[in-house]
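Work through these exercises on backbone geometry and helix packing. Each task is followed by a stepwise solution.

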Amino acid sequence: AEQLDHQARTDALTGCANRRHFLELLQAEHLRTIRYQRAFCLVSLDLDYFKSINDRYGHLVGDKALCHFASVVRKTIRPSDHLGRVGGEEFAIILPETTLASATAIAERIRKEVELAPISLGDSLLTMTVSIGVAEWTPPDANNVEKLVVRADTALYKAKSDGRNNVKACDSPN
Ligand code: C2E
Ligand code: C2E
C-alpha cells in the first residue's frame, strides 16, 4: 500500500512529485502560512527550447534531459524544499520559510548549475538552460493560492520573453 501511495504521488520519469501531489503540497504550505503567518515562495521553471531537443535528438534524449534536470535541481536545494513536475517540461518548487530575496538567489543558483552541467550523449555534450519565475506568498493570496501560481508564471513568461536562461522575480504584490 505504501508503494502504491508513492507511485500515485510521484512522476515515474523524474521521481519528482507529480502535478496532483505538488498542488496538494502547495495547498498545505498555503494553509500553514496563513495559520502561522510565515513566508514562503513558489518558483516556476521551464526548460528552454525543450521541443527542439525532442525534435532534434528524439524522445529518449528528451526524457534523459528531464531526468538530468530534475537531479541537478534536487542537488541544489534542501530536502525540505519540494520539487514537482507540473507539466511536460515545466517544474515548480515550494520554498518553505523563504522570502523573495532568498528565493531569487536560490533560483539564480539553479539556473547556473543547469547551464554548467551538460548532459552526456555518449560522443557529445548537450547544454540545457532554464527560465525561472519567482513569487512570494502575500496576505491577499489567503483567499486563493492560485493568485500566487499566476504571479510565478507571469514572472516566468517575462524570463522567457527577456531572452530565456534567466530569473525574474514578481516584486509587485498582487
Ligand atoms: P542540503 O541541505 O540537502 O543542501 C543541498 C545543497 O543545496 C547544498 O549542497 C547547497 O548546494 C544547496 N544549499 C542548500 N541551502 C543552501 C543555502 O542556504 N545557501 C547556499 N548557497 N546553498 C544552499 P552543499 O553545500 O554541498 O551542502 C551539502 C549538505 O551539507 C547540505 O545538504 C546540508 O545537509 C549540509 N550543510 C552544508 N552547509 C550547511 C549549513 O550551513 N548549515 C546546515 N544546517 N547544513 C549545512
Ligand atoms: P545564503 O546562501 O546567502 O542563503 C541565505 C538564505 O537563503 C538562507 O539562510 C536560507 O534562508 C535561504 N536559502 C538559500 N538556499 C536555500 C535553499 O536551497 N533552500 C531553502 N529553503 N532556503 C535557502 P540560512 O538558512 O540562515 O543560511 C545562511 C547561510 O548559511 C547561507 O547563506 C549559506 O551561506 C549557509 N548555508 C546554509 N545551509 C547551507 C547548505 O546546505 N549549503 C551551503 N553551501 N551553504 C549553506
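**Exercise 1.** Why does Y49 count as partly exposed?

Solution. First, the basis: this is a predicted model, where local features need pLDDT of at least 70, side-chain atom pairs count only at pLDDT 80 or more, and totals for chains, interfaces and linings use all residues. Residues are numbered from 1 along each chain as its sequence is written, and chains are lettered from A and ligands numbered from 1 in the order in which they are written. Next, the cut-offs: with C-beta atoms placed from the backbone, a residue is buried if 20 or more other C-beta atoms lie within 10 Å of its own, exposed if 12 or fewer, and partly exposed in between. Y49 has 14 C-beta neighbours inside 10 Å, so Y49 is partly exposed.

**Exercise 2.** Locate Y49 and E97, and give the sign of phi for each.

Solution. Y49 sits in the loop between β1 (40–47) and α3 (50–57). Helices (H or I, at least four residues) and strands (E, at least two) are DSSP runs, numbered from the N terminus. Phi of Y49 is positive, about 55°. E97 lies in the loop between β3 (90–96) and α5 (100–115). Its phi is positive too, near 60°. Most residues other than glycine have a negative phi.

**Exercise 3.** At what angle do α3 and α4 pack?

Solution. The angle between α3 and α4 (residues 59–76) is about 140°, and their axes are 7 Å apart. Axes are lines fitted to C-alpha atoms, for helices over the stretch in contact; angles run from 0 to 180 degrees between N-to-C directions.
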